[in-house]
Amino acid sequence: METLAQQLTPTGLPHPLLVQVARRAVAEGAAAGDPGSIPGRAGELAEREQRRLLQPVVNATGVLLHTNLGRAPLAVARPAGYTNLELDLSTGRRGDRSSHSAALLALACGAEAALVVNNGASALYLALSALSALSAGSEAIVSRGELVEIGGGFRIPDVMAASGARLVEVGTTNRTRRGDYESAIGPETSILLKVHTSNYRMTGFVADVAVRDLAAMVGARDDIAVVVDIGSGLVDSECPWLAGGPPRWLRSEPAVRQTIAAGADLVTFSTDKLLGGPQGGVIAGRTDLVERCARHALARVVRAGGLVLEALQDVALSYLRRDAGRVLPLWRMATASVDELAHRAEAVSPGPRWAITECESVMGGGTLPDVTIPSAGLAAIGDVTGALRSCATPVVAHLVDGSTVCDMRTVFPEQDEQLARALKGVSGS
Ligand SMILES: *Cc1c(COP(=O)(O)O)cnc(C)c1O
């Protein structure tokens, strides 16, 4: 066993992992009565272990926020070292880990205050938990048209049940009116929850109630909060960080700034969708309610780590400087021109098998479900997606009508050469 493991050392995998691989190969060889197969099988298993490790890939799918590829891409490079994560440098006393990234995000979104947590799901979970006892009861009123499943098993009714909020459904699947909420509001109501149906669209005979109207219904009552889960974390629908203003494909997406301006008391969203940052979640809005969330016992359970907060601070600063369109890879990729992408495709193509093609990118990650972004890429007849995935730097492409398509929009220009090598490698197949 030891010898076999030693032989696998050139793979670079640590010894305990190689021993595990050797054991499995020996057991399989013994079961098959074929000891000669063991070394070869051990090599295969070691390679499989290596490919299981987290590693850089080329995203040629054209899906900008690909859930399987980690949603928004973000560069993080920092040397080992301490930060003033919870130290107030001016007083020398214990500080607050929300005082940097969260405060900057709040400013960028036009919110009084914000809290950063582990992801969008925990942001909503914490907000519901902390606000469910605002009134005498714990009722949270939601439209039946917004009782959605986001993906990865995140279902609004389940999250509400777990948070202790008592779900009160109003309206119907396709239509909910102001009167539906009005007749449901009572002394036990703590929350009016609005959820952006981020991953599907309903069209036809549909109606929902705008945040502005929900806020008007609550008026000056301080025992009811309007909480809006907008999901994607688009900071501002005017996109002041994009030289050309908001792209057409962004039109129907709710933004944090406008949702707060419309009267939402709290807005929750992910930081790795249209915000373009690392995995995280934000609760933004009224100071007293954000503080209530921060004081809740769950806040400690779902708090974000120092690395994430540091990365988010950079993201927030880029929105405040209005250069997020150039600094954040998500926006750079999303707004690259089709001409530019076609030129890169031409340079990458290893020969006539890979033809320049028009294609369509999508935002993905459960956002903008009915929107495509015109793009350019390379296409080859037949399915070589498996071969591309097994390249030294795995290339993830997609299959369209029997052709393998590599969309250039989601490929970093620095990866063009790697992509060219990979395409060349599979060209002969
Ligand atoms: C994505 C999304 C969530 C979940 O956010 P995660 O960061 O994936 O936990 C919740 N609500 C809406 C509306 C979403 O779009």
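## A buried arginine

At 15% relative accessibility, R97 counts as buried, because the cut-off for a buried residue is under 20% relative accessible area. The structure in which R97 is seen here is a predicted model, and the values given below were computed from that model.

## Where R97 sits and what surrounds it

Along the chain, R97 is found in the loop between β1, which covers 58-59, and α4, which covers 101-109. If its neighbours within four places in sequence are left aside, R97 is in contact with L85 and E86, and also with R303, A304, G305, G306 and L309.

Two of these residues are also partners of the R97 side chain at stated distances: the side chain of E86 makes a polar contact with the side chain of R97 at 2.6 Å, while the backbone oxygen of A304 is reached by the side chain of R97 at 2.7 Å.

## The chain as a whole

The protein chain that holds this residue has 17 helices and 13 strands, and its C-alpha trace spans about 75 × 50 × 50 Å along the principal axes. Of its 429 residues, 48% count as buried. When contacts between residues at least 6 apart in sequence are considered, 71% of them join residues at least 24 apart.

## Surface and charge

The protein chain exposes about 20100 Å², and carbon and sulfur atoms supply 53% of that area. Its charged side chains comprise 40 positive and 45 negative ones, and the centres of these two sets lie 2 Å apart.

How values were computed: Residues are numbered from 1 along each chain as its sequence is written. This is a predicted model: local features need pLDDT of at least 70, side-chain atom pairs count only at pLDDT 80 or more; totals for chains, interfaces and linings use all residues. Side-chain values use heavy atoms; hydrogens and water are left out. Helices (H or I, at least four residues) and strands (E, at least two) are DSSP runs, numbered from the N terminus. Buried means under 20% relative accessible area, exposed over 50%, partly exposed in between (1.4 Å probe, protein chains only). Contact means heavy atoms within 4.5 Å. Accessible areas come from the Shrake-Rupley method with a 1.4 Å probe; for residues, only the protein chains shown count as cover. Lys and Arg count as positive and Asp and Glu as negative; His and the chain ends are not counted. The place of a charge is taken as NZ of Lys, CZ of Arg, CG of Asp or CD of Glu. A polar contact is a pair of N or O atoms within 3.5 Å; within protein, one must be able to donate a hydrogen and the other to accept it, and residues adjacent in sequence count only if both atoms are side-chain atoms.
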